[in-house]
Amino acid sequence: VASLGPPALVERNQLVTLVFQAGGLEIRADGRALGRGAEGETVRIMNLSSRSTVSGTIAGPGLVSVP
């Protein structure tokens with residue numbers, strides 16, 4: 001019997017929103033997922049404006065929180 005994990009909220013190549021929060025500051029940017037995952041999992045994202053790659057935690061459908 002195969003066990004099922006939580007559903008993926010981010011798919012590979014999906015456009016996502018990167019969210020950076022520090023204190024009262026919040027910065028959002030557009031990115032493209034380089035992998036897939038469920039809420040709470042870490043995924044690599046390419047920032048579309050800077051073309052840099054960052055890792056973040058999936059916080060919701062199409063939403064990735066970066067440290």
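Me: How far apart do the centres of the positive and negative side chains of the protein chain lie?
Reply: Happy to start there, with the reminder that this is a predicted model. The protein chain carries 6 positive and 5 negative side chains. Taking the centre of each set, the separation comes to 10 Å.

Me: Which kinds of element does the protein chain have, and in what order do they run from the N terminus?
Reply: Counting elements gives zero helices and five strands. Read from the N terminus on, the order is therefore made of strands throughout, given how elements are assigned as DSSP runs. That order is β-β-β-β-β.

Me: In which sense does strand 1 pair with strand 2, and in which with strand 5?
Reply: Let's take the two partners in turn. With strand 2 (residues 25–33), strand 1 shares eight bridges, and one facing pair there is alanine 22 opposite leucine 25. With strand 5 there are four bridges, and phenylalanine 20 has valine 66 as its bridge partner. The sense is antiparallel for strand 2 and parallel for strand 5.

Me: Which residue takes a positive phi in the hairpin of strand 1 and strand 2?
Reply: The hairpin leaves two residues between its strands. A positive phi near 60 degrees is found in this hairpin, and the residue that takes it is glycine 23.

Me: Which strands each supply at least two residues of the largest nonpolar core?
Reply: Nonpolar side chains tend to be buried together in soluble globular proteins. Here the largest nonpolar core has nine residues: Val10, Val16, Leu18, Ala33, Val43, Ile45, Ile58, Val64 and Val66. The strands that each bring at least two of them are strand 1 (15–22), strand 3 (42–47) and strand 5 (63–66).

Me: Which residues does valine 43 contact, leaving aside neighbours within four places in sequence?
Reply: Valine 43 is one of the residues of the largest nonpolar core, as are Ile58 and Val64. Both of these are on its contact list. In full, valine 43 meets Gly35, Arg36, Val54, Ser55, Gly56, Ile58 and Val64.

Me: Is asparagine 47 buried or exposed?
Reply: Asparagine 47 sits in strand 3. Beyond residues up to four places away in sequence, it touches Leu18, Ala29, Asp30, Gly31 and Ser52. Its relative accessibility is 14%, and because the cut-off is under 20%, asparagine 47 counts as buried.

Me: What share of the residues of the protein chain counts as buried?
Reply: The protein chain exposes about 4,400 Å², with carbon and sulfur atoms supplying 53% of that area. Its C-alpha atoms fill a box of roughly 45 × 25 × 15 Å along the principal axes. Of its 67 residues, the buried share is 28%.

Technical notes: Residues are numbered from 1 along each chain as its sequence is written. This is a predicted model: local features need pLDDT of at least 70, side-chain atom pairs count only at pLDDT 80 or more; totals for chains, interfaces and linings use all residues. Side-chain values use heavy atoms; hydrogens and water are left out. A nonpolar core is a set of buried Ala, Val, Leu, Ile, Met, Phe, Trp, Tyr and Cys residues joined through side-chain atoms within 4.5 Å. Buried means under 20% relative accessible area, exposed over 50%, partly exposed in between (1.4 Å probe, protein chains only). Contact means heavy atoms within 4.5 Å. Two strands pair if DSSP finds at least two bridges between them. Accessible areas come from the Shrake-Rupley method with a 1.4 Å probe; for residues, only the protein chains shown count as cover. Lys and Arg count as positive and Asp and Glu as negative; His and the chain ends are not counted. The place of a charge is taken as NZ of Lys, CZ of Arg, CG of Asp or CD of Glu.
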